[in-house]
Amino acid sequence: MKWIILLITLVSGFVRGTYCNAQSYHTKSITSEDGLSQSYITSFFEDSRGFIWIGTLYGLNRYDGYEIKSYVPNHLDSWSLHATIITQIEEDAQGLLWLGTDKGIVLFNPHSEKFILLSKLIPDAPTGFVYDILTYHSTNHTNDIWCIGVDNGSNSLYTLRYDATLVQY
């Protein structure tokens, strides 16, 4: 009998606590009809300024809470996105976005809205699919970028240091 009373007390306290602490959330669906470059989402990231960045099978999208701005490949513009599939999005300490793509790592400056393929700056940078990017903000300001990608058919781990050296493991 004591166990039943204890169980009822615990359950009623849990339900009451859950009800009192409940928060309401507002959600909104975003589709290609709203301006998304493609409906299959491959990556999702919120930057330090509060923008939501959405990677798809056809480009990068920025959502500000009201509207979507799409960045899709345009091979006639040298500063546009030249990759199709966005697999990963990260931000470094300077506010640059690092994109893992089907063409390697792409850097995007959201202030100037210019893209550059990292392999154009560093010849040994991966040029195949990049599956993951990690930004590391250290106290000694080295701010290394780690990435896992496929280059020449094999998986590799890379570290890109801010002195522009690339280490492949």
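This passage walks through the strands, the cores and the charged residues of a predicted model.

A good place to start is strand 2 (52–56), which follows strand 1 (41–46) after a loop. Strand 1 and strand 2 run antiparallel and are joined by five bridges. One pairing to look for is serine 43, whose bridge partner in strand 2 is glycine 55. The hairpin made by these two strands has five residues between them, and there glycine 50 takes a positive phi near 95 degrees. On its other pairing, strand 2 meets strand 3, again in the antiparallel sense and over five bridges. This second hairpin has two residues between its strands, and tryptophan 53 stands opposite arginine 62 of strand 3.

How much of strand 2 is buried? Five of its five residues are, so the strand is largely enclosed by the rest of the structure. In a regular strand, side chains alternate between the two faces of the sheet. Here Ile52, Ile54 and Thr56 point one way, while Trp53 and Gly55 point the other way, and all are buried.

Trp53 turns up again in the largest nonpolar core, which has 14 residues. Together with Leu60, Ile89, Leu97, Leu99, Phe108 and Phe115, Trp53 touches the most other members of that core. Strand 5 (86–91), strand 6 (97–101) and strand 7 (104–109) each supply at least two of the core residues. Apart from this core lies another, made of seven residues that include Ile105, Leu118, Ile122 and Val130. Such grouping fits a broader pattern: in soluble globular proteins, nonpolar side chains tend to be buried together. Phenylalanine 115 shows what a core member's surroundings look like: leaving aside neighbours within four places in sequence, its contacts include Leu60, Tyr71, Trp79, Leu81, Leu99 and Phe108. Serines are on the contact list of phenylalanine 115 too, namely Ser78 and Ser80.

Now for the charges. The model has two salt bridges, and Arg62, Lys69 and Glu113 are linked in a network. In one bridge, arginine 62 pairs with glutamate 113, with the closest N and O atoms 3.8 Å apart. Arginine 62 sits in strand 3 (residues 59–63) and glutamate 113 in the loop between strand 7 and strand 8 (114–117), so this pair ties together parts that are 51 residues apart in sequence. In the other bridge, glutamate 113 meets lysine 69 at 2.9 Å, N to O. Lysine 69 belongs to strand 4 (residues 68–71), so here the parts tied together are 44 residues apart in sequence. Arginine 62 is buried, at 17% relative accessible area, whereas glutamate 113 is partly exposed at 29% and lysine 69 is partly exposed at 32%.

Aspartate 47, back in the loop between strand 1 and strand 2, tells another story. What does a buried aspartate 47 do with no salt bridge? The nearest side chain of opposite charge, arginine 49, is 4.0 Å away. Instead, the side chain of aspartate 47 reaches the backbone nitrogen of arginine 49 at 2.9 Å, and that of glycine 50 at 2.9 Å as well. Not counting residues up to four places away in sequence, aspartate 47 touches Trp53 and Glu91. Glutamate 91 lies in strand 5 and is buried, with a relative accessible area of 11%. A polar atom of the glutamate 91 side chain lies 2.8 Å from the backbone nitrogen of serine 48. Glutamate 91 and phenylalanine 45 are 46 residues apart along the chain, yet their C-alpha atoms are separated by 8.8 Å.

Definitions and conventions. Residues numbered from 1 in each chain as written. Predicted model: local features only at pLDDT ≥ 70, side-chain atom pairs only at ≥ 80, totals over all residues. Heavy atoms only, no water. Core = buried A, V, L, I, M, F, W, Y, C linked by side-chain atoms within 4.5 Å. Buried < 20%, exposed > 50% of the residue type's maximum accessible area, 1.4 Å probe, protein only. Helix = DSSP H or I, 4+ residues; strand = E, 2+ residues; numbered from the N terminus. Contact = heavy atoms within 4.5 Å. Lys, Arg positive; Asp, Glu negative; His and termini not counted. Polar contact = N/O pair within 3.5 Å; in protein donor to acceptor, adjacent residues only side chain to side chain. Pairing = 2+ DSSP bridges.
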